[in-house]
Amino acid sequence: RGLSEQGLRAPRFLPAAMAGKLAPTAKGKASSLKQSAKAEAAEARAAAKGKVQRKPRRKIGVEEAKAAAKMTMEQWRKLQVGMPEAWPAPEYMAEPGRGGHTCYRDQTYEIVTRWTAETRIRYRPHAKAPGSKSHVRYEKYSKAKTVAQALKLGSWPCDWCWDFERGFIKVDGPVRDEPLDISKINEDSKLTDVDLAINRWYMRELARNLGLKISDLHVGKGSGESLIMRAHRLVAQREARAALAAAKKQSRKITDDEMLRVLRSWAFARNPNRQNVLPDGQDWVWSDTLGLIRDRIGDIHITAASKTYPEVVNIMNRYLLDRLPGEVREFKWTSLNVNCNYAAKLHRDGNNFGPSFIKAFGEFSGGALNYWPEDDKKVDRLTAMKDEDRVQLDIKAGLAMFNGNSAHSVEDFQGERYSIVYFTIGCYDKAPEDCKEECRNLGMNFPAPNEDPRKLLRAPRGYKGGDTTATPVKRGAAPAFRFYPVAAASAAQRRGGKAVQSKATAKRPAPEGPMGAARKRAAAGS
């Protein structure tokens, strides 16, 4: 479905009404629908001027439908007394949003795609007026008690959407927690006619609403992508390709807005494997790794998504390369960790090589990076880390270079938040040569075999009475972290400038008492 119980973003037609404060905006999602509406409006204006012959409405079967009606219009009107109150339309239909003939709300897709053959339903009696073909069909299929029966009696997923949005259907369950991912079903015999009908219909809807080809949406078994993930990742690929082409043509940098459009389009995988970052009470987060990885059996390779959607990886790399100041132009990385709408708990990364860069995007407040720059891992318990030893970096306002192997976390936030972490895996030098070359082709600065991990950031000093300042101890020594406000990064890049710190973006928070910490946890948005 479009949202999890936690209210986080999922691959979707995103149900904005259900998303609450974390819902991404739907900018750019309905471009194909807008173009279609404009074309229809232009055709109507031309027809009004006598320039175009409008196609007459089909009347085949109308007389037969009138003859097949089981009641008169007067009888039907009497049956409608009290029905709108007893069978109201869903509340979200009162909200502004797209809708109309065969153009359904995101919430409707989210609901109908979770139905099964066994889902029990009830139809409003005699909801459609006599004298039309829809009346005859409705009188037949409205006798159904389950979705399987409704399909057998001649209704289709598009009918279910239409009827549900008008309050003609009530659902008693059971329904799936998530839409069925057919790519994960190894035996077709386990698929019902309802499963197949919903999948075929939804594929057409995704293609039409997102401006894609149906042939591009076919997902192979074992690919790790559902139909809806494939659709939205293709849109992200299209957005990335257009932005890269525009930036090249105009000789400019990739903008934050372009990055945000790509991230909003991207369908994130539900990731249960990042146990060290999982917020309390969550079993998984929306997170993807792109570029080079080492899997659980020790194989080092490029992730499948990186190969399938190379422009998405390329635009993320291009964004950083466009903004690297001269003093850190030699920053190297092999991988990207792309995250959506979760505040990582206090943790240390496992085996990163050298420093990492991080940048956040989206419409949110809070969400700063908490970082303990002098953590040398000699404090075993992370809970023993002191608040007064941390620095907070506003990574929405700028790029932060930090040591991911030292303790860090994300401050609670409200709103829609994405982040990209650029890092090098510890076993990078053991990667096959073709993987190294592929990383370079994707826009990464791949490290040399003899790369110095301390060239850009010095080693942490530990917390045995030392301070946590980022200022070099002696001239020419590397700092403990670096921060570059986005507004100043371009100027710093041109002049080979220095890391910038300001009170608004890189600061040491004042210690807070237990009540302050408790209030902050109680007000946590994610």
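Contact here means heavy atoms within 4.5 Å, and every view below is taken from a predicted model.

**View 1. Surroundings of Phe357 in the predicted model.**
Not counting residues up to four places away in sequence, Phe357 touches Leu320, Leu324, Val328 and Phe331, together with Leu399, Ala400 and Met401, and also Ile420, Val421, Tyr422 and Tyr484. Phe357 is also among the residues that touch the most other members of the largest nonpolar core, a set of 113 residues in which Trp160, Met316, Leu336 and Tyr422 are named alongside it. The largest share of this core, 10 residues, is contributed by helix H11, which spans residues 227-249.

**View 2. Strand S11 and its two pairing partners, S7 and S15.**
Strand S11, formed by residues 398-402, is mostly covered, with five of its five residues buried. Strand S7 (residues 356-361) pairs with S11 in the antiparallel sense over three bridges, and within this pairing Phe357 has Met401 of S11 as its bridge partner. S11 also pairs with strand S15 (residues 482-485), again in the antiparallel sense, over four bridges; here the bridge partner of Gly398 is Pro485 in S15.

**View 3. Strand S6 and its pairing with S4 and S14.**
Strand S6 covers residues 335-340, and six of its six residues are buried. In a regular strand the side chains alternate between the two faces of the sheet. On one side of S6 lie Ser335, Asn337 and Asn339, on the other Leu336, Val338 and Cys340, and both faces are covered, since all of these residues are buried. Strand S4 (residues 285-294) runs antiparallel to S6 and is joined to it by six bridges, with Thr289 standing opposite Asn337 of S6. The pairing of S6 with strand S14 (residues 418-423) is likewise antiparallel and comprises six bridges, and in this pairing Asn339 stands opposite Ser419 of S14. Leu336 of S6 is one of the residues that touch the most other members of the largest nonpolar core.

**View 4. The buried residues of helix H7 and the elements they pack against.**
In helix H7, which runs over residues 133-141, the buried residues are His135, Tyr138, Glu139 and Tyr141. These buried residues of H7 pack against three elements, namely strand S1 (120-123), helix H8 (147-152) and helix H9 (157-165).

Note on methods. Residues are numbered from 1 along each chain as its sequence is written. This is a predicted model: local features need pLDDT of at least 70, side-chain atom pairs count only at pLDDT 80 or more; totals for chains, interfaces and linings use all residues. Side-chain values use heavy atoms; hydrogens and water are left out. Buried means under 20% relative accessible area, exposed over 50%, partly exposed in between (1.4 Å probe, protein chains only). Two strands pair if DSSP finds at least two bridges between them. A nonpolar core is a set of buried Ala, Val, Leu, Ile, Met, Phe, Trp, Tyr and Cys residues joined through side-chain atoms within 4.5 Å.
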